[in-house]
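Pull up the model and have a wander through it with me. We'll look at the charged pairs and then at the nonpolar packing.

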Amino acid sequence: MTTTEIKTNDRTTTEATTVRPNPAMPRLNFAKAAPKVFRAVIGLDAAAREGLDPALVELVQIRASHLNRCAYCLHMHTTDARKAGESEDRLHMVAVWQEADHFFTDRERSALALTDAVTRIGDAGVPDEVYDRAAAHFTEEELAHLLALIFTINTWNRIALSTAKRAGTDER
């Protein structure tokens with residue numbers, strides 16, 4: 001076990017951390033350990049995507065993965081977006097979409113704003129203005145699917161992060 005000093009404001013705390021013997025290896029094969037749960041998440045993911053533009057799906061998944069700091073999912077979805085023809089310029093701008101809004105349509109920006117709010121729901125909930133902006137660009141059915149997509153990528157991010165999936169392996 002190692003210890004790490006963390007300085008916050010004027011206080012320093014010591015936090016114990018365990019070093020895994022081989023950090024290159026995932027902690028657990030989630031799909032194998034909980035196949036019914038894994039299949040259920042796959043089913044939710046597939047259902048959520050129905051009726052949504054595939055480019056928008058990737059942008060939402062990339063943005064949530066940025067916010068959650070999930071390198072595994074970020075690598076996977078940027079790779080998928082490139083294969084689907086997404087431009088490098090737009091991929092680079094997803095992380096700073098608010099400042100680079102001219103790279104994205106109003107519909108995409110409303111989806112990215114909703115992704116930010118839902119992913120960071122503990123900060124301020126989902127503000128009415130963010131929800132209303134998305135509702136102005138999506139039908140009720142599309143909005144429900146968009147929300148389900150955001151729920152799903154947040155679930156995938158948490159699975160990848162908690163099981164220590166390694167970016168670049170794209171094990172699906």
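What follows is a walk through the salt bridges, then the cores.

Keep in mind that this is a predicted model. The salt bridge count here comes to seven, and a few of them deserve a closer look.

Start in helix H2, which covers residues 35-49. Aspartate 45 pairs up with arginine 49 in a salt bridge, with 2.4 Å between the closest N and O atoms. Why can these two reach each other? They sit four residues apart in the helix, so about one helical turn separates them. Is aspartate 45 buried or exposed? With a relative accessible area of 8%, aspartate 45 is buried, while arginine 49 is partly exposed at 29%.

Helix H6 has a pair of a similar kind. There, arginine 109 forms a salt bridge with aspartate 106, and the closest N and O atoms are 2.0 Å apart. The two residues are three apart in H6, again about one turn of the helix. Arginine 109 counts as buried at 14% relative accessibility, whereas aspartate 106 comes out as partly exposed at 42%. Elsewhere, Glu86, Arg90 and Glu108 are joined into one network by salt bridges that share partners.

Now for a pair that bridges two helices. Aspartate 116 and arginine 63 meet through their side chains in a salt bridge, at 2.7 Å from N to O. Aspartate 116 belongs to helix H6 (residues 106-119) and arginine 63 to helix H3 (residues 54-68), so this salt bridge ties together parts 53 residues apart in sequence. Both ends are tucked away: aspartate 116 is buried at 8% relative accessibility, and arginine 63 is buried at 5%.

On to the greasy side of things. Nonpolar side chains tend to be buried together in soluble globular proteins. In this model, the largest nonpolar core has 27 residues, and Val60, Leu114, Leu146 and Leu149 have the most contacts inside it. Which helices feed this core with at least two residues each? H3 and H6 do, and so do helix H8 (128-137) and helix H9 (140-162). H3 and H6 are also the helices that the aspartate 116 and arginine 63 pair links.

Leucine 114 is a good place to zoom in. Leaving out residues up to four places away in sequence, leucine 114 touches Val126, Val130, Ala134, Leu143, Leu146, Leu147 and Ile150. Finally, there is a second, separate core of 11 residues, with Cys70, Tyr72, Met76 and Ile159 among them.

Technical notes. Residues numbered from 1 in each chain as written. Predicted model: local features only at pLDDT ≥ 70, side-chain atom pairs only at ≥ 80, totals over all residues. Heavy atoms only, no water. Salt bridge = Lys/Arg side-chain N within 4 Å of Asp/Glu carboxyl O. Buried < 20%, exposed > 50% of the residue type's maximum accessible area, 1.4 Å probe, protein only. Core = buried A, V, L, I, M, F, W, Y, C linked by side-chain atoms within 4.5 Å. Contact = heavy atoms within 4.5 Å.
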